[in-house]
Amino acid sequence: MSVAVVMGSKSDAPVMEGAVEVLREFSVPVEVRVLSAHRTPDDTVNFARNAAARGIRVLIAGAGGAAHLAGVLAAVSPLPVIGVPIAGGELRGLDALLATVQMPRGVPVATVAINGARNAGLLAVRMLALEDEPLAEALSLHSEAQAAQVRAADEELQSRYATPQTPQPDT
Ligand code: RP5
């Protein structure tokens, strides 16, 4: 049981490391590949055709510009595909967002935010956790830790910005 993190170019790696990191935090085996829908289409299709048989359960695909990688993987593989639009170039990721999210009916890609690789990793963990009780427990702990951080920040800012008490005149 593993997750593949695929990207269209090595230049996408700094963003896609967010997905790899979160998968490692949950001890999910991860395979990282550079596969381009445009520059190495045959390699991309071959990879997608064999991924499920090789034990991969979720595909995460990040690409920028005319980002067709996630869509091509979803066209060829029955596995769930999570698309990560990568910011870059003149349109700063809006092009990649639209290319990734606007899939034709019948070929779904679950698209996260521009550069949202960490959420893509977390979504993959949630999918695997449906059939993996220890992973589900780890996710639950992760959510609790996140909530504790927000509550600590809430307390800190409440006290930092608390309205000073007006001194009461002596009676
Ligand atoms: C896309 O084109 C890649 O996913 C990358 O985001 C973008 C630019 O690629 P490079 O020119 O940096 O290789 O295919």
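1. Two strands count as paired when DSSP finds at least two bridges between them. With that in hand, a friendly word on this predicted model: strands E1 and E3 run parallel and are joined by six bridges. Within that pairing, Val-3 stands opposite Val-58 in E3.

2. On to the sheet as a whole. Five strands make up an open sheet, ordered E2-E1-E3-E4-E5, and the pairing is parallel. At its edges are strand E2 (30-34) and strand E5 (110-111), each of which pairs on one side only.

3. Now for the other partner of E1. Five bridges connect E1 and E2, again in the parallel sense. If you would like landmarks to click on, Val-5 sits opposite Val-32 in E2, and Met-7 has Val-34 as its bridge partner in that strand. The connection is worth a look as well: E1, H1 and E2 make a β-α-β unit, and the unit is right-handed.

4. How many of the residues of E1 are buried? Six of its six are, leaving the strand mostly covered. Ser-2, Ala-4 and Val-6 point one way from the strand, while Val-3, Val-5 and Met-7 point the other way, and all of them are buried.

5. Two helices deserve a mention here for how they meet the sheet. Helix H3 (residues 69-76) lies across E1, E3 and E4, and runs at about 150° to E3. H5 packs on the sheet too, where it touches E1, E3, E4 and E5. The direction of H5 makes about 165° with that of E3.

6. A quick geometry check on H5, which you may enjoy. Helix H5 covers residues 117-129, so its 13 residues should span 18 Å at 1.5 Å a residue. The expected span is 1.5 Å times one less than the number of residues. The C-alpha atoms at the two ends of H5 are 18 Å apart, which agrees with that expectation.

7. Finally, the buried side of the story for H5. Which residues of H5 are buried? They are Ala-117, Ala-120, Gly-121, Leu-122, Ala-124, Val-125, Leu-128 and Ala-129. What covers these buried residues includes three strands, E1 (2-7), E3 (56-64) and E4 (81-86). Helices H1 (13-25) and H6 (133-160) are also among the elements covering them.

Note on methods
Residues numbered from 1 in each chain as written. Predicted model: local features only at pLDDT ≥ 70, side-chain atom pairs only at ≥ 80, totals over all residues. Heavy atoms only, no water. Helix = DSSP H or I, 4+ residues; strand = E, 2+ residues; numbered from the N terminus. Buried < 20%, exposed > 50% of the residue type's maximum accessible area, 1.4 Å probe, protein only. Contact = heavy atoms within 4.5 Å. Axes fitted to C-alpha atoms, helices over the stretch in contact; angles between N-to-C directions. Right-handed = clockwise from strand over helix to strand, strands pointing away.
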